[in-house]
2 protein chains.
Amino acid sequence: MDALAAHIDQNINARIEELSKLCAIPSVSARRDSLKDCAAAVRAMLQLRGFDVRLIETGGQPVVYGELGDGPRSLLLYNHYDVQPPDPLELWTTPPFQPSRRDGALYARGAIDDKGEIMSRLAALDAVLAVLKRLPYRVKFLIEGEEEIGSPNLESLIREHAPLLRADACIWEAGGCDENGRPEIVLGLRGLLYVEMSVRSLEYDAHSGHAHALPSAAWRLVWALSSLKNQDARVLIPGFYEGCRCPSLNARQPIEDLQSAVFSPTCNISGVSAGYTDHGSKTIIPAEARCKIDFRLVPDQDPEDVAVKLRAHLDRLGFDDVKVVTLDRLRPAMSDPGAAIVRLAAQAGKAAWGIEPAIVPLAGGSGPMAFFVELLKMPIVSIGCSYPGARKHAPNEHVRLGDFARGAKHLARIFASF
Amino acid sequence: MDALAAHIDQNINARIEELSKLCAIPSVSARRDSLKDCAAAVRAMLQLRGFDVRLIETGGQPVVYGELGDGPRSLLLYNHYDVQPPDPLELWTTPPFQPSRRDGALYARGAIDDKGEIMSRLAALDAVLAVLKRLPYRVKFLIEGEEEIGSPNLESLIREHAPLLRADACIWEAGGCDENGRPEIVLGLRGLLYVEMSVRSLEYDAHSGHAHALPSAAWRLVWALSSLKNQDARVLIPGFYEGCRCPSLNARQPIEDLQSAVFSPTCNISGVSAGYTDHGSKTIIPAEARCKIDFRLVPDQDPEDVAVKLRAHLDRLGFDDVKVVTLDRLRPAMSDPGAAIVRLAAQAGKAAWGIEPAIVPLAGGSGPMAFFVELLKMPIVSIGCSYPGARKHAPNEHVRLGDFARGAKHLARIFASF
């Protein structure tokens, strides 16, 4: 086992170099930028390791799928090669798509989410292949290109290719340690309903000297927004909390305060805009106002049901002028804590990180985990090489090289014992 | 008098040409762009008419001041050469600073507000000088460069140069006809308090998977905003309506519904922004949220007093995290409807527009009128060549050439009879 760790440490500079090249590709799925290029780069990286690789076309961006190893059993790895938009650019110390290594970390959009995770997994595989020579089971690597926009084509892909993708367990795409360096084994993800709300009250912006007489899109949106959630963070949409499962039913071990808060669904404003927002003053009644809202949902809330309740809530309060368009939706998912893969991940995590891992029944983020749990009926654990300060989705996203190595060693131990 | 009108009509193409050149200068005061160039152009235009011109330096942009004519009496004209920002650019049919003549109108930022008004006045003066040869009183032309940012340096300029600026009456910078083509004689302007409110709740944008645990600047701002005004347009800041004068005390003639609504002070959102507002979805908790609010104030509200009450209101509700910065403030002003200049403007307006003018005690917009009324003690009327569809402050701002000529004829008759 020391040989695996030694191989990872000896090759870390080469892997960070390889990761830098991947992060230089601005594969922003929200902008449909460079995704084909990035899929090709990922495909080449898998082929280099001996994977049998194919690009599976979807209605949107291609999925990179590769298989390696032999045997009746299989382990599915899920990752994604697309990244979040890099804005606001001015807050990056170095440009988001010019990866910069400094202070023991690599800085770039995607350095951790999710290109860093992909590379850490390849570092683990490289070690296993170098030291053990062969895998007595199949590793199935599924890397999609639309995770950051809600994986709109993944469900149909899984339905169509279920026999190909079926496995005995799945390693999910994100994870790492908490603020104290304790590794986490995550068993579930919240669901997501992402909507854009907009109001248009005028054909064009008007002089605000008419504000006593003309309707205001901005005020309408502010009032509609303030009807959604009170200052105690309670969502006010009738029926919103219906179906929320109590955390004590789902976890073997006591859930700490921090973890139990994750079982509260949220209503977050990701963005809002109307009118003049540049320097100085401009006196207008904005013709239009827009906002983006994301709801993080817990088992067993359903995003389609919440969307219906949101519309009904707005209509009931007279906000029929507020248009709502759903951009993304994902169901929440949670795996059984008693599955064998959970025990294996916990043992391997303790050996690799030097600390007993925390079992986290539900993480705060979202992903298309429900498709795998519901359609492929497999247990899933999420592990990785991140930490709470990694600035995922934010300026100065980075991966710490020590975490990168520990995450790789963690997975290498799972590979060796699976 | 027909000779004056004929001169204006015969020279209108030359004046629109001259106006186009002026509008091509992007003198956006909010961005401190091209203001010196524009002041020089205006100065040259006055010099061409024989004005004795000087640039008066202020702490900000220079004031163009010119005098023409002889005699003990004088008439002050107030205008401004700066314009509003042109955003949103994509909604302009032709670029804002490439003036375009079509459909009987000239389209450009500043085509009406206020470069079109300046040019219409010069067309009136050209006619008077050509037909009557001399002015038996002095015309004092004051053209500032900071009206669109709240005239921050005008009060001290007026205090310093009061003897120079004193006059028997003042013609204000904006006016024209209503939607039925009826000319308006405006006697007052609302005051203005323009503030920027902002909340910063995080050092950097965070992944919205943490929304159950982290504070949200956007929600804080939405809640603070919704505390300012209810859906019946009632401003909820305690004491906000103190000092509002009843319109019936101020006007000789019955005030129509539309006019009385102007006596309601307003609270308008000119702009609001937070987080991700581009295409597609990005799931973040924005670190910061900002908005721009303009309050239009009526006699005798005071902007400084309203600013104090706004701060107290926010603090009382626990919004001490909401930062408020005042960008502009102007006091409301209203002249005596019985002044001689009002009668003269009404008679001249009837002759030039062919319809009995409406006397409007208070207009919806704002301007530095109070400095003149309070410090120089002169009666003021606002007339001009605009109409309600002119899209002041908005994309596709324009002046209709017929209005341009009628406004010029209106002022030429005042010049001839003053």
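A residue counts as buried if 20 or more other C-beta atoms lie within 10 Å of its own. B:Pro99 has 23 such atoms within 10 Å, so B:Pro99 is buried. This model is predicted, and every value here is computed from it.

Stay with B:Pro99 for a moment. Its place is in a loop of chain B, between β3 (74-80) and β4 (100-102). What is B:Pro99 in contact with, once neighbours within four places in sequence are left aside? One group of partners precedes the loop in numbering: B:Ser20, B:Cys23 and B:Ala24. The others are B:Leu106, B:Tyr107, B:Ala108 and B:Ala111. B:Asp205 gives a sense of scale within the chain. B:Pro99 and B:Asp205 are 106 residues apart in sequence, and their C-alpha atoms are 41 Å apart in space.

Now take a whole chain. Chain A holds 12 helices and 20 strands. Its radius of gyration is 23 Å, and the globule rule gives 22 Å for 418 residues, so chain A is as compact as a globular protein of that length. The C-alpha trace spans about 75 × 45 × 40 Å along the principal axes of chain A. Of the 418 residues in chain A, 56% are buried. Sequence-distant contacts are plentiful in chain A. Take the contacts between residues at least 6 apart in sequence: 79% of them join residues at least 24 apart.

Next, the nonpolar core. The largest one has 242 residues. Which of its members touch the most others? They are A:Leu221, A:Val381, B:Leu221 and B:Val381. A:Val381 shows what such a position looks like. Leaving aside neighbours within four places in sequence, A:Val381 is in contact with A:Ile171 and A:Trp172, with A:Ile185, A:Val186 and A:Leu187, and with A:Ile341, A:Val342 and A:Ala345.

How do the two chains relate? A turn of 180° and a shift of 0.0 Å along the axis lay chain A on chain B, with an RMSD of 0.0 Å. The two copies are thus related as by a two-fold rotation axis. The same surface serves both copies, since 100% of the contact residues of chain A recur in chain B. Within chain A, the residue closest to the rotation axis is A:Ser273, whose C-alpha lies at 2.2 Å.

The interface itself comes next. In it, 66 residues of chain A are in contact with 66 residues of chain B. Several elements of chain A give two or more residues to this side, among them α7 (217-226), β12 (266-275), β14 (288-297) and β15 (323-330). β12(A) gives the most, with 9 residues. By class, this side of chain A has 27 nonpolar, 26 polar and 13 charged residues.

Strand pairing crosses between the chains. β12(A) and β12 of chain B (residues 266-275) run antiparallel and are joined by 5 bridges. Here A:Gly271 has B:Gly275 as its bridge partner in β12(B).

From β12(A), follow the pairing inward through chain A. β12(A) pairs with β14(A) in the antiparallel sense, over 8 bridges. A:Ser273 has A:Arg290 in β14(A) as its bridge partner, and A:Ser273 is also the residue of chain A that comes closest to the rotation axis. β14(A) is mostly covered, with 8 of its 10 residues buried. β14(A) is also joined by 10 bridges to β10 (residues 188-200) of chain A, and these two strands run antiparallel. One bridge there links A:Met197 with A:Cys291 of β14(A).

Key. Residues numbered from 1 in each chain as written. Chains lettered and ligands numbered in written order. Predicted model: local features only at pLDDT ≥ 70, side-chain atom pairs only at ≥ 80, totals over all residues. Core = buried A, V, L, I, M, F, W, Y, C linked by C-beta atoms within 7 Å. Buried ≥ 20, exposed ≤ 12 C-beta atoms within 10 Å, placed from the backbone. Contact = placed C-beta atoms within 7 Å. Least-squares fit on C-alpha atoms with pLDDT ≥ 70 in both. Helix = DSSP H or I, 4+ residues; strand = E, 2+ residues; numbered from the N terminus. Rg over C-alpha atoms; globule rule 2.2 N^0.38 Å. Nonpolar A, V, L, I, M, F, W, Y, C, P; charged D, E, K, R; others polar. Pairing = 2+ DSSP bridges.
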